[in-house]
Amino acid sequence: MTDSSATVRPDRRAELAAGLAQVRARIADACAVAGRDRAEVTMIAVTKTYPASDVLALAGLGVTDVGENRDQEAAGKAAEVSAAGVSPRWHFIGQLQRNKARSVVRYADVVHSVDSVRLARALATASADRERPLDALVQVSIDGDPARGGALPGSADPGVGLEPVAEAVADSPMLRLAGLMAVAPLGWAPERAFARLAEVAEAFRLVHPGAVALSAGMSGDLEIAIQYGATHVRVGSALLGMRPTLR
Ligand SMILES: *Cc1c(COP(=O)(O)O)cnc(C)c1O
């Protein structure tokens, strides 16, 4: 390999293998406690702030799904990983501005953070040239604070109400409505947050029976998210180490 930034150092590989074994065990235990099939839960390795070489190392250890939250960082990383001949599923999990939609749909397989009708339309337009529709999850605001992102359950607001956003996704042939995503709000016990999310998801599936994905749970609260039905957990620091800056 000529690109030294994509070379995996053996000590880093061992570190990642240890983190991965721990997180996999936590997920398996949580599934056992919840009486759920382990195969129902996909682990997304959140590699933000970490280099493409870590993505390659994780892929070598069997990780199939990778998450990023900033287009500026993810686009180059995805290109580097692809150039190395490795193709994980890329999940875009961060707040997304409409002017980044065109870039994101070039490498992302799934966008978890669709939280407005305008963003859904921008992603649909940007996806016109894709070979396959883009999987889209509608991000839900659990505490109803629109400032922090997330569509509002039970609101008919034509811009950010959960149902109008879901319909904008479902109405586009270039998008596939895959399910819901949420982050437990700061200051909320995860039990309370994910119990509320599970209620929203149950009602949502009555209207959209195919939208079964539930993206919830991070390093600190993945067990509780699995207890409340998460199908995708987004794990960063428990796998890769503490990030130098919080974001
Ligand atoms: C960074 C991030 C994660 C991972 O957080 P950790 O606490 O490091 O596991 C999950 N979801 C989103 C939306 C993130 O931005």
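**Helix packing, ligand surroundings and a pocket in the predicted model**

Ser 103 lies in helix α4, which spans residues 101-107. The structure described here is a predicted model. With a relative accessible area of 18%, Ser 103 falls under the 20% limit and is therefore classed as buried. When neighbours within four places in sequence are left aside, Ser 103 is in contact with Asp 71 and Ala 75. Helix α4 also holds Val 105, which is buried with a relative accessible area of 5%. Outside its neighbours within four places in sequence, the contacts of Val 105 are with Leu 123, Ala 126, Ser 127, Arg 130 and Leu 134. One of these residues, Ala 126, is 21 residues from Val 105 along the chain, and the two C-alpha atoms are separated by 6.8 Å.

Arg 121 is part of helix α5, residues 117-126. Its relative accessible area is 55%, over the 50% limit, so Arg 121 counts as exposed. Ser 172 is 51 residues from Arg 121 in sequence, but the C-alpha to C-alpha distance between them is 8.0 Å.

Phe 204 belongs to helix α7, residues 190-207. This residue is buried, and its relative accessible area is 3%. Not counting residues up to four places away in sequence, Phe 204 touches Leu 162, Glu 163, Ala 166, Leu 177, Leu 180 and Ala 211. Phe 204 and Leu 180 are 24 residues apart in sequence, and their C-alpha atoms are 8.7 Å apart in space.

Helix α2 covers residues 52-60 and is mostly covered, with 7 of its 9 residues buried. The buried residues are Ala 52, Ser 53, Asp 54, Val 55, Leu 56, Ala 57 and Leu 58. Several elements contribute to their cover, including the helices α1 (10-34), α3 (71-83) and α9 (237-240). The strands β1 (42-46), β2 (65-68) and β3 (89-92) are also among the covering elements. After α2 comes Gly 62, which has a positive phi near 100°.

The ligand is surrounded by residues from several parts of the chain, among them Val 46, Lys 48, Asn 69 and Ile 93. The surrounding residues also include Met 218, Ser 219, Arg 234, Val 235, Gly 236, Ser 237 and Arg 243. Oxygen atoms of the ligand take part in short polar pairs within the 3.5 Å cut-off. A polar side-chain atom of Lys 48 is 2.7 Å from a ligand oxygen atom. For Arg 243, an N or O atom of the side chain lies 2.7 Å from an oxygen atom of the ligand. At Gly 236 the backbone is involved, with an N or O atom 2.8 Å from a ligand oxygen atom.

The second largest pocket has a volume of about 260 Å³. Its lining includes Asn 69, Arg 70, Asp 71 and Gln 72, together with Phe 92, Gln 95, Leu 96 and Gln 97. Lys 100, Asp 115 and Gly 149 also line this pocket. By residue class, the lining consists of 2 nonpolar, 5 polar and 4 charged residues. Asn 69 appears both in this lining and among the residues surrounding the ligand. Asp 71, another lining residue, is one of the contacts of Ser 103 in helix α4.

Conventions
Residues numbered from 1 in each chain as written. Predicted model: local features only at pLDDT ≥ 70, side-chain atom pairs only at ≥ 80, totals over all residues. Heavy atoms only, no water. 1 Å grid on protein atoms, 1.4 Å probe; cavity = no way out; pocket = protein on both sides within 12 Å on 5 of 7 lines; lining within 4 Å. Points joined across faces, edges and corners; volume = space filled by probe spheres on them. Nonpolar A, V, L, I, M, F, W, Y, C, P; charged D, E, K, R; others polar. Helix = DSSP H or I, 4+ residues; strand = E, 2+ residues; numbered from the N terminus. Buried < 20%, exposed > 50% of the residue type's maximum accessible area, 1.4 Å probe, protein only. Contact = heavy atoms within 4.5 Å. Near = heavy atom within 4 Å. Polar contact = N/O pair within 3.5 Å; in protein donor to acceptor, adjacent residues only side chain to side chain.
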